[in-house]
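Colleague: I should be grateful for a close look at one part of this structure, followed outward into the loops and the links between cysteines. Please keep to what the model itself supports.

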Amino acid sequence: MLIAALLALGSHAAHADDDWNQPRDPFRIYGNTYYVGVAGLSSVLVTSPQGHILLDGALPDSPKLIAASIRKLGFKLRDVKLILSSHDHVDHAGGIAELQRMTGATVVASASAAASLKRGRMDKDDPQFIGNTPYAPVKRVRAVADGEVVRLGSLALTAMATPGHTAGGTSWRWQSCEQGSCRNLVYADSIYPVRGKGYRFTDHPEVVAQFEHSYATLNAAPCDILVTAHPSFSEQWPQLSSGQPVAVAEGQPSACQKLVATMQPELKQRLAEEAAK
């Protein structure tokens with residue numbers, strides 16, 4: 001499943017057959033955190049009595065499915081007060097404008113991603129800029145800094161800058177509790193080194209440095225339960241999606257460290273391929 005997902009990321013055109021946008025039943029991940037996304041693109045709802053936070057909006061055609069999942073869980077769209085963005089590609093940000101219209105929520109993103117969301121397209125320095133797909137521009141976007149805590153009532157989600165895949169890529173971490181037991185959750189943005197036609201990472205050492213920063217950030221993050229922007233990238237996904245409890249083993253690599261161990265060699269392979277040419 002992971003290999004198929006990696007191949008699909010080679011181009012945004014890969015989602016043209018709508019495989020990613022198939023509906024799936026929502027489910028509780030842990031405590032007050034729920035999966036409300038589509039089959040191949042994550043959206044996560046974190047709830048509280050004071051209002052809810054939604055992470056990511058998937059494709060332009062995804063909002064009706066995400067909204068149906070939120071309602072199916074018994075929550076109201078009007079109680080979604082914030083929408084947090086991972087990065088500014090159409091497959092994760094394309095549905096944000098419509099979800100904002102449906103909920104009235106304020107959107108929160110890194111400064112770089114916020115500028116792109118307002119334009120409705122990625123920036124020209126993006127490794128995948130050639131062939132990019134525009135989407136509906138987003139209003140009311142609030143910029144967030146690396147390490148800033150976004151609060152809503154009892155909820156506190158921390159922004160972690162994880163650039164490389166995009167300049168403004170952001171992962172998010174928080175705690176959820178269940179029957180007195182709390183877990184560290186991470187919503188990890190993509191750290192897969194996709195490049196557009198003619199783009200060479202060896203020509204952009206600053207982007208390679210961004211990836212290395214992101215690997216270090218995720219390796220250091222408290223990370224018991226991981227949801228990735230493409231859900232199948234997480235080793236924990238089979239357990240999460242089937243409702244099985246995720247074991248947290250003391251002294252073992254965290255879920256985020258396992259993700260980095262899978263993704264970091266991909267960048268090394270890209271660099272070696274470019275050097276050989």
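Modeller: In this predicted model, the buried residues of helix 5 are Ala113, Ala114, Ser116 and Leu117. These residues lie on the same side of helix 5, because the arc that they cover around the axis is only 165°. The general geometry of such a helix is relevant here: an α-helix has 3.6 residues a turn, so residues three or four places apart point the same way. As to what this buried set meets, the packing partners are helix 3 (90-93), helix 4 (96-103), strand 6 (106-110) and strand 7.

The chain may now be followed onward from the end of the helix. Helix 5 is followed by Gly120, which has a positive phi, near 85°. The loop between helix 5 (111-119) and strand 7 (141-144) contains Asn132. A polar atom of the Asn132 side chain lies 2.8 Å from the backbone oxygen of Phe129. When residues up to four places away in sequence are not counted, Asn132 touches Arg121 and Met122. Arg140 lies in the loop between helix 5 and strand 7 as well. Although Arg140 is not a glycine, its phi is positive, at about 50°. Arg140 counts as partly exposed because its relative accessibility is 46%.

Asp56 also has a positive phi without being a glycine, with a value near 70°. Asp56 is found in the loop between strand 4 (52-55) and helix 2 (63-72). The relative accessible area of Asp56 is 0%, and this residue is therefore buried.

A further aspartate leads towards the cysteines. Asp224 lies in the loop between helix 6 (205-220) and strand 12 (225-228). Asp224 is buried, yet it has no salt bridge. Its nearest side chain of opposite charge is that of Arg183, 5.0 Å away; a salt bridge would require the relevant atoms to be within 4 Å. Arg183 is nevertheless among the residues that Asp224 touches, the others being Asn184, Gln236, Val246, Val248 and Ala255, with residues up to four places away in sequence left out of the list.

The disulfides complete the picture. There are two disulfides by the rule applied, and with bonded cysteines counted along the chain they follow the pattern 1-2, 3-4. One of them is formed by Cys177 and Cys182, whose sulfur atoms are 1.9 Å apart. The link of Cys177 and Cys182 is right-handed, with 100° about the S-S bond. Cys177 counts as partly exposed because its relative accessibility is 42%. Cys182, at 35% relative accessibility, counts as partly exposed too.

The other disulfide joins Cys223 to Cys256, with an S to S distance of 2.2 Å. This pair links distant parts of the chain, 33 residues apart: Cys223 is in the loop between helix 6 and strand 12, and Cys256 is in helix 8 (residues 255-276). The disulfide of Cys223 and Cys256 is right-handed, because the torsion about its S-S bond is about 75°. Both Cys223 and Cys256 are buried.

Notes. Residues are numbered from 1 along each chain as its sequence is written. This is a predicted model: local features need pLDDT of at least 70, side-chain atom pairs count only at pLDDT 80 or more; totals for chains, interfaces and linings use all residues. Side-chain values use heavy atoms; hydrogens and water are left out. Helices (H or I, at least four residues) and strands (E, at least two) are DSSP runs, numbered from the N terminus. Buried means under 20% relative accessible area, exposed over 50%, partly exposed in between (1.4 Å probe, protein chains only). Lys and Arg count as positive and Asp and Glu as negative; His and the chain ends are not counted. Contact means heavy atoms within 4.5 Å. A disulfide is a pair of cysteine sulfur atoms within 2.5 Å. A polar contact is a pair of N or O atoms within 3.5 Å; within protein, one must be able to donate a hydrogen and the other to accept it, and residues adjacent in sequence count only if both atoms are side-chain atoms. The arc is that of the directions from the helix axis to the C-beta atoms.
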